[in-house]
Amino acid sequence: MSSKNMKFNTKTIHGGQSPDKAYGSVMPPIYQTSTYAQTTPGGHKGYEYSRTHNPTRHALEQSFASIENGNFGLAFGSGLAAIDAIIKLLQPGDEVISTNDLYGGTYRLFTKVFEKFQIKFHFVGMENSSHIEHHINAKTKLIWVETPTNPMLNIIDIKAVAAVAKKHNVLLAVDNTFATPYLQQPLDLGADIVMHSATKYLGGHSDVVMGALAVKDKTLAEQLYFIQNASGAVCGPQDSFLVLRGIKTLHVRMQRHCENGKAVAEFLESHPKVETVYWPGLSTHPNHDIAVAQMTDFGGMLSFTTKGNNYEEAIKVVERLRVFTLAESLGGVESLAGHPASMTHASIPKEEREKTGVVDSLIRLSVGIEDQHDLIEDLRQALDG
């Protein structure tokens with residue numbers, strides 16, 4: 001059966017994959033090698049140097065493409081390395097329109113690294129896609145979207161933004177890390193590039209750092225492959241093996257992440273010490289209808305604020321957690337809690353953070369796959385003190 005005809009749950013296991021040609025190994029072997037023997041100069045079996053190609057990484061890249069309904073996949077040493085490759089498609093003087101609520105590392109890369117090379121970034125609230133168009137000019141070459149956003153869980157209408165991008169002949173890239181292709185497939189909604197921090201849900205076990213890209217267009221893929229090889233920010237075969245193994249259980253893990261996320265969101269919404277809960281599955285979420293239209297479920301990421309917007313109280317809550325681990329990152333089988341203002345988003349100036357809702361009392365949760373009763377009781381004791 002062709003990968004393109006497989007249902008998603010089958011693609012995670014079989015998509016783009018085939019038994020190893022050497023000995024029929026069902027799982028791709030870890031080709032822990034930097035170079036490959038040649039019978040004559042240029043005479044090789046498709047692999048000559050592992051920065052350029054590696055069979056284990058190649059198997060993973062085919063899986064990335066399959067689960068995102070793309071034609072080409074690329075694996076990088078981190079999510080930021082994958083984003084770095086996308087921005088290297090641009091030239092000095094080009095402009096990028098980015099959502100204004102986004103991962104702090106992305107903001108830092110845009111403003112502290114690429115602005116020095118005369119690439120201009122506009123940070124725009126995209127919950128209403130009409131806000132984008134008046135920022136577009138002849139220099140605009142890329143629209144950068146996160147949805148759901150990090151950490152405010154804003155929902156952006158990918159189809160509507162794609163229509164704007166196509167109208168102006170601008171590339172659209174979507175960071176799909178929070179949703180994963182289990183919940184949302186941006187290429188099918190009109191995006192040109194989909195990006196993941198594969199460190200998170202695709203790996204799923206908090207034991208590897210990696211980035212992923214998937215595209216449909218061959219010319220765009222060739223440009224990105226050139227940058228990947230020329231810049232060299234690739235991942236190793238051991239990490240490729242781990243993420244490929246993680247993808248094989250993505251669908252069953254995401255089912256539990258979604259179930260637990262819903263239970264935790266509903267508990268927090270009813271707790272007297274909680275001010276606001278940000279989770280797209282709640283009917284009170286501003287763009288809930290768009291989430292329903294473009295996502296199959298609502299994920300395990302959520303944020304909430306404690307009443308009084310008190311920094312010290314928020315810190316006490318996360319310090320009292322016992323089942324949730326206070327740590328950066330997200331998307332693993334274990335539940336994690338973070339304080340964005342002092343952790344993941346500390347690289348964004350306070351006045352800019354607060355414009356998007358990242359206030360001192362905001363707590364972000366990555367809800368894992370533990371028993372939901374234990375998660376809720378842990379949050380109850382932490383909030384009640």
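A residue counts as buried when its relative accessible area is under 20%. Keep that cut-off in mind as you tour this predicted model.

**Stop 1: a tryptophan and its partner**

Select Trp-279, which is buried because its relative accessibility is 3%. Now add Phe-298, also buried, at 17% relative accessible area. Here is how the aromatic rings are laid out:

Phe-121 and Phe-123 make a stacked pair, with 6.5 Å from centre to centre and 20 degrees between the planes. Of these two, Phe-121 is buried at 7% relative accessibility, while Phe-123 is partly exposed at 27%. Trp-279 and Phe-298, in turn, meet edge-to-face, their centres 5.8 Å apart and their planes at 75 degrees. Trp-279 sits in the loop between β8 (274–278) and α11 (288–294), and Phe-298 in the loop between α11 and β9 (301–306), so this pair ties together parts that are 19 residues apart in sequence.

**Stop 2: the aromatic cluster**

Keep Phe-121 and Phe-123 on screen and add Tyr-107, Phe-110 and Trp-144: these five residues form one aromatic cluster. The model has 7 aromatic pairs.

**Stop 3: two cis prolines in one loop**

Next, go to the loop between β4 (140–146) and α6 (158–167), where you will find Pro-148. The peptide bond leading from Thr-147 into Pro-148 is cis, with omega near -10 degrees. Pro-151 is in the loop between β4 and α6 too, and the bond from Asn-150 to Pro-151 is again cis, with omega near 10 degrees.

**Stop 4: positive phi without glycine**

Move on to Asn-169, in the loop between α6 and β5 (171–175). Its phi is near 55 degrees, a positive value in a residue other than glycine. Asn-169 is exposed, with 71% relative accessible area.

Then pick Ser-206, in the loop between β6 (193–197) and β7 (211–215). Ser-206 is not a glycine either, yet has a positive phi of about 55 degrees. This serine is partly exposed, at 43% relative accessible area.

**Stop 5: a helix pair**

Finish by showing α10 (residues 250–270) and α14 (residues 372–384), which pack at an angle of about 30 degrees with axes 10 Å apart. The two helices are therefore roughly parallel to each other, and their crossing is right-handed. To see the contact, display Glu-259, Asn-260, Ala-263, Val-264, Phe-267 and Leu-268 from α10, which meet Gln-372, Leu-375, Ile-376, Leu-379, Arg-380 and Leu-383 from α14. Colour these by type and you should find 8 nonpolar, 2 polar and 2 charged residues.

Key: Residues numbered from 1 in each chain as written. Predicted model: local features only at pLDDT ≥ 70, side-chain atom pairs only at ≥ 80, totals over all residues. Heavy atoms only, no water. Axes fitted to C-alpha atoms, helices over the stretch in contact; angles between N-to-C directions. Helix = DSSP H or I, 4+ residues; strand = E, 2+ residues; numbered from the N terminus. Parallel < 35°, antiparallel > 145°, perpendicular 65-115°, else oblique. Left-handed = near helix turned anticlockwise from the far one by under 90°. Contact = heavy atoms within 4.5 Å. Nonpolar A, V, L, I, M, F, W, Y, C, P; charged D, E, K, R; others polar. Buried < 20%, exposed > 50% of the residue type's maximum accessible area, 1.4 Å probe, protein only. Phe/Tyr/Trp six-rings, centres within 6.5 Å; stacked < 30°, edge-to-face > 60°.
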